[in-house]
Amino acid sequence: ATVDHTLGEILVLVCTACWIILQCRWLHKESPKYAVTMERLLHGMLPPAAAATFTDHTTYLLRDSLGLDVVATLAPFTFAITMAAGMTWVGSCPSSYNQNVDTSSTDAKDRRRNI
């Protein structure tokens, strides 16, 4: 059996794994820097992955009823609209974690203490 997945579907699976890992509370306590980074990764990667997956499945479903030429014309618009909606709703969300989390290196923290 052939496994045929698009890049968008694979990215959605990565986003799902990232979200599942973010549900573990130990990550927030032990290394909050990684939790914030993973949340930013999730917010940045989800809109293009969802737009690509939605466009791929929409073109597949509409190909027989509308014809290949019409679907090929509508596909970029479908991707652009879905991408814009995803960037508006998901990509620009504020962080759900403490805004005081410093994502800089430990060297910068040590330099600030010595000042």
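Helices are DSSP runs of H or I with at least four residues, numbered from the N terminus. The model used in these exercises is predicted.

**Exercise 1.** State which residue follows α3 and what the sign of its phi is.

Solution. The residue after α3 is Gly67. Its phi is positive, near 100°.

**Exercise 2.** Check the end-to-end distance of α3 against its expected span, then locate the kink in this helix.

Solution. Step one: α3 has 35 residues, and the expected span is 1.5 Å times one less than the number of residues. This gives 51 Å. Step two: the end C-alpha atoms of α3 are 49 Å apart, which agrees with the expected value. Step three: the kink, of about 30°, is at Leu46, shortly before the proline Pro47.

**Exercise 3.** List the residues of the largest nonpolar core and find which helix gives the most to this core.

Solution. The core has eight residues: Cys15, Cys18, Leu22, Leu27, Ala35, Met38, Leu42 and Met45. At least two of these come from each of α1 (7–22) and α3 (32–66). With four residues, α3 gives the most. For the core member Leu27, leaving aside residues up to four places away in sequence, the contacts are Ile21, Leu22, Pro32, Tyr34, Ala35 and Met38.

**Exercise 4.** Place Gln23 in the chain and decide whether Gln23 is buried, partly exposed or exposed.

Solution. Gln23 lies in the loop between α1 and α2 (25–30). Buried requires under 20% relative accessible area and exposed requires over 50%. Gln23 has 41% relative accessibility, so this residue counts as partly exposed. Its C-alpha atom is 9.7 Å from that of Ala35, 12 residues apart along the chain.

Key. Residues numbered from 1 in each chain as written. Predicted model: local features only at pLDDT ≥ 70, side-chain atom pairs only at ≥ 80, totals over all residues. Heavy atoms only, no water. Core = buried A, V, L, I, M, F, W, Y, C linked by side-chain atoms within 4.5 Å. Buried < 20%, exposed > 50% of the residue type's maximum accessible area, 1.4 Å probe, protein only. Helix = DSSP H or I, 4+ residues; strand = E, 2+ residues; numbered from the N terminus. Contact = heavy atoms within 4.5 Å. Bend = angle between axes of the 7 residues up to and from the residue.
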